[in-house]
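Ready for a few short exercises at the bench computer? Open the structure, try each task on your own, and then walk through the solution.

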Amino acid sequence: GGGGGGSGGGGGGAPRIKQLAKGEVALVRRDMSAAREDYKQQRGVLIGDVRALFRVRPFVGMRVDADGSTHKVFADAAATITVPFNVVLPAAAYTDTRFVERPAAPLREALPLGQRVLCTLPGKYYGLDGVVTGYSEAPTAAAAVAA
């Protein structure tokens, strides 16, 4: 998916490496030194010399789309933070299932027979309640039949 506006995607893309202009080198060295001192003074962590900085968009949470699929949501580009290479992990030690993106579940799994449902129109906060009594498989869409 896309990036800004609090939307999903943008968190697992390929990193971009920027070649620095001569005037930028001193600024980046200053930022690397500041990051090292920040971790030492503010966080009580000795991370050693910082050789690279990452600019990352923080993870905000998970979004459930109308079709039932779940996606990670990352902060807007304006909320980008700088993280020293020294504290970045190449992969998580374990997978937290709360943060796994999932496709939409099949209709029969998402709405099993006998499931109580509330039928509403998009953008409306009222509707009719019902119970799933069957399924209708159309060529372009699937729908649960509620009575």
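## Exercise 1: A strand residue and its neighbour

Thr-70 lies in strand β3. Keep in mind that this is a predicted model.

**Task.** Decide whether Thr-70 is buried or exposed, and find which residues Thr-70 is in contact with beyond four places in sequence.

**Solution.**
- Step 1: The relative accessibility of Thr-70 is 15%. The cut-off for buried is under 20%, so Thr-70 counts as buried.
- Step 2: With neighbours within four places in sequence left aside, Thr-70 is in contact with Met-62, Arg-63 and Val-64, and also with Val-100, Glu-101 and Arg-102.

**Task.** Now move to Ser-69: where is the place of Ser-69, and what does Ser-69 touch?

**Solution.**
- Step 1: Ser-69 sits in the loop that runs between β2 (59–64) and β3 (70–74).
- Step 2: The relative accessible area of Ser-69 is 6%, so under the 20% cut-off Ser-69 is buried.
- Step 3: Not counting residues up to four places away in sequence, Ser-69 touches Arg-63, Val-64, Arg-102, Pro-103 and Ala-104.
- Step 4: Look at the side chains too: those of Ser-69 and His-71 are joined by a polar contact of 3.1 Å.

## Exercise 2: A pocket and its lining

**Task.** Which residues line the second largest pocket, and how many are nonpolar, polar and charged?

**Solution.**
- Step 1: A word on the idea first. Empty space shows up when a probe the size of a water molecule is rolled over the atoms.
- Step 2: The volume of the second largest pocket is about 150 Å³.
- Step 3: Its lining is made of Ala-66, Asp-67, Gly-68, Ala-104, Ala-105, Pro-106, Leu-107, Ala-110 and Leu-111.
- Step 4: Sorted by class, this lining holds seven nonpolar residues, one polar and one charged.

**Task.** Pick Ala-105 from the lining. How far apart in space are Ala-105 and Asp-67, C-alpha to C-alpha?

**Solution.**
- Step 1: Find Ala-105 in the loop between β4 (81–84) and α2 (107–110).
- Step 2: Its relative accessible area is 34%. Partly exposed covers the range between 20% and 50%, so Ala-105 is partly exposed.
- Step 3: Ala-105 and Asp-67 are 38 residues apart in sequence, and their C-alpha atoms are 8.3 Å apart in space.

## Exercise 3: Three exposed positions

**Task.** For Pro-122, Leu-118 and Arg-51, work out where each one lies and how accessible each one is.

**Solution.**
- Step 1: Pro-122 belongs to the loop between β5 (116–120) and β6 (127–137). Its relative accessibility is 79%; exposed means over 50%, so Pro-122 counts as exposed.
- Step 2: From Pro-122 to Ala-66, the C-alpha distance is 9.9 Å, with their positions 56 residues apart in sequence. Ala-66 is one of the residues that line the second largest pocket.
- Step 3: Leu-118 is in strand β5 and counts as exposed, at 58% relative accessibility. Beyond four places in sequence, Leu-118 touches Gly-127, Leu-128 and Asp-129. Its C-alpha atom is separated by 8.6 Å from that of Val-131, 13 residues apart along the chain.
- Step 4: Arg-51 is in the loop between α1 (22–41) and β1 (53–56), and its 74% relative accessibility makes it exposed. With neighbours within four places left aside, Arg-51 is in contact with Met-32 and Asn-86. The C-alpha atoms of Arg-51 and Val-28 are separated by 9.9 Å, at 23 residues apart along the chain.

## Exercise 4: The whole protein

**Task.** How many helices and strands are there, and what pattern does the protein follow along the sequence?

**Solution.**
- Step 1: The protein has two helices and seven strands.
- Step 2: Reading along the sequence gives α-β-β-β-β-α-β-β-β.
- Step 3: Of the 147 residues, 14% are buried.
- Step 4: The protein exposes about 11,300 Å², with 57% of it supplied by carbon and sulfur atoms.
- Step 5: Take the contacts between residues at least 6 apart in sequence: 44% of them join residues at least 24 apart.

Notes. Residues are numbered from 1 along each chain as its sequence is written. This is a predicted model: local features need pLDDT of at least 70, side-chain atom pairs count only at pLDDT 80 or more; totals for chains, interfaces and linings use all residues. Side-chain values use heavy atoms; hydrogens and water are left out. Helices (H or I, at least four residues) and strands (E, at least two) are DSSP runs, numbered from the N terminus. Buried means under 20% relative accessible area, exposed over 50%, partly exposed in between (1.4 Å probe, protein chains only). A polar contact is a pair of N or O atoms within 3.5 Å; within protein, one must be able to donate a hydrogen and the other to accept it, and residues adjacent in sequence count only if both atoms are side-chain atoms. Contact means heavy atoms within 4.5 Å. On a 1 Å grid over the protein atoms alone, a cavity is a set of points where a 1.4 Å probe fits but cannot get out, and a pocket is an open set with protein on both sides within 12 Å along at least five of seven lines; lining residues have an atom within 4 Å of a point. Grid points are joined across faces, edges and corners, and a volume is the space filled by probe spheres set on the points. Ala, Val, Leu, Ile, Met, Phe, Trp, Tyr, Cys and Pro count as nonpolar, Asp, Glu, Lys and Arg as charged, and the others, Gly among them, as polar. Accessible areas come from the Shrake-Rupley method with a 1.4 Å probe; for residues, only the protein chains shown count as cover.
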